[in-house]
Amino acid sequence: MASALEKLLLKKLKVIPNFPKKGIQFQDIFSLVSDPTCQKKIVEKIAGYARKNSITKIAGIEARGFIFGSLVAYKLNIPFVPIRKKGKLPGKVNKIKYKLEYGFDQIEMQDGSLKKQDKVLIVDDLIATGGTALASSKLISKMGVKSIFFAFVINLYNLRGVRLLEKNKYSYMSIIDAEG
Ligand code: AMP
């Protein structure tokens with residue numbers, strides 16, 4: 001049974017067919033952040049999950065993970081650190097390459113942005129195939145962190161990204177399920 005929050009978000013969420021290319025059902029998260037009630041309830045839900053798991057740092061995935069990640073970090077008064085695409089962060093960075101449907105991508109984090117004993121919550125607006133989320137966790141593991149969790153607003157359940165996280169024994173939360 002869908003909760004009141006799920007019903008509210010599903011009602012407000014705009015889905016744009018065939019954007020940015022044919023066949024993609026684009027989940028327009030901005031239709032949720034532009035509504036202060038939805039925004040607040042999403043942040044409270046993720047913050048509750050973070051509190052329950054004694055999270056010490058929020059890592060937001062570029063770019064829409066920055067929005068929810070920063071809001072949650074502010075709410076909990078804990079640090080926010082960015083996971084960015086190649087070449088955007090100054091100074092020494094830790095990096096990992098990962099496979100896309102066509103070709104490769106690379107994500108990076110600033111060296112020293114995490115400590116080994118941190119409990120890190122990786123935040124993104126949405127999980128689809130799970131490739132970006134899993135690469136983020138691999139990068140964070142490479143930096144020595146043992147305790148990693150995930151939070152998403154939307155799970156595109158037919159793309160089975162959360163199965164990938166489950167296979168790798170990660171805990172995660174998502175608020176609504178949608179078809180991608
Ligand atoms: P994936 O690595 O396949 O799990 O893709 C997740 C990333 O791609 C997230 O950062 C999303 O912001 C973005 N994304 C993938 N599919 C969609 C979609 N249908 N609507 C909106 N964003 C999407």
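1. Where is Ala 63 found? In this predicted model, Ala 63 sits in the loop between β3 and α4, and a cis peptide bond, with omega about -5°, joins Glu 62 and Ala 63. A student reading along the chain may wish to pause at this place, and then at a second cis bond, which runs from Phe 19 to Pro 20 with omega near -5°; Pro 20 belongs to the loop between β1 (14–17) and β2 (25–28).

2. The loop between β1 and β2 also holds Asn 18, whose phi is near 60°, a positive value in a residue other than glycine. Asn 18 is partly exposed, its relative accessible area being 45%. Arg 160, in the loop between β8 and α6 (161–167), likewise has a positive phi, of about 60°, although Arg 160 is not a glycine; with a relative accessibility of 48%, this residue counts as partly exposed.

3. Turning to the sheet, one finds an open arrangement of seven strands in the order β5-β6-β4-β3-β7-β8-β9, with mixed pairing. Its edge strands are β5 (93–99) and β9, each of which pairs on one side only, and from one strand to the next the twist averages 20°.

4. Strand β7 deserves a closer look, for eight of its nine residues are buried. It pairs with β3 (residues 57–61) in the parallel sense over four bridges, and Ile 58 has Leu 121 in β7 as its bridge partner. β7 and β8 also run parallel, joined by eight bridges, and here Val 123 stands opposite Ala 151 in β8.

5. Two helices may be described in relation to the sheet. Helix α3 lies across β7, β8 and β9, and runs at about 155° to β9. Helix α5 (residues 131–142) packs on the sheet as well, where it touches β3, β4 (80–85), β5, β6 (104–110), β7 and β8, and its direction makes about 145° with that of β5.

6. Helix α3 also meets α1, and a pair of this kind calls for two quantities: two packed helices are described by the angle between their axes and the distance between the axes. The axes of α1 and α3 come within 11 Å and cross at roughly 135°, so α1 and α3 are oblique to each other, and their crossing is left-handed. On the side of α1 the residues involved are Leu 5, Leu 8, Leu 9 and Lys 12, which meet Thr 37, Cys 38, Lys 41, Ile 42 and Lys 45 in α3.

7. The largest nonpolar core has 32 residues, and those with the most contacts inside it are Ile 46, Leu 121 and Ile 154. Two or more residues of this core come from each of α1 (4–12), α2 (30–33), α3 (36–52), α4 (64–76), β7 (119–127), β8 (147–156) and β9 (171–178), with α3 giving the largest share, seven residues. Apart from this core lies another, of 25 residues, which includes Ile 96, Val 120, Ala 133 and Leu 134.

8. Finally, Ile 154 can be followed in detail, since it is one of the residues with the most contacts inside the largest nonpolar core. When its neighbours within four places in sequence are left aside, Ile 154 is in contact with Leu 13, Gln 27, Ile 29, Asp 125, Leu 126, Ile 127, Ile 176 and Ala 178.

Notes: Residues numbered from 1 in each chain as written. Predicted model: local features only at pLDDT ≥ 70, side-chain atom pairs only at ≥ 80, totals over all residues. Heavy atoms only, no water. Core = buried A, V, L, I, M, F, W, Y, C linked by side-chain atoms within 4.5 Å. Buried < 20%, exposed > 50% of the residue type's maximum accessible area, 1.4 Å probe, protein only. Contact = heavy atoms within 4.5 Å. Pairing = 2+ DSSP bridges. Axes fitted to C-alpha atoms, helices over the stretch in contact; angles between N-to-C directions. Parallel < 35°, antiparallel > 145°, perpendicular 65-115°, else oblique. Left-handed = near helix turned anticlockwise from the far one by under 90°.
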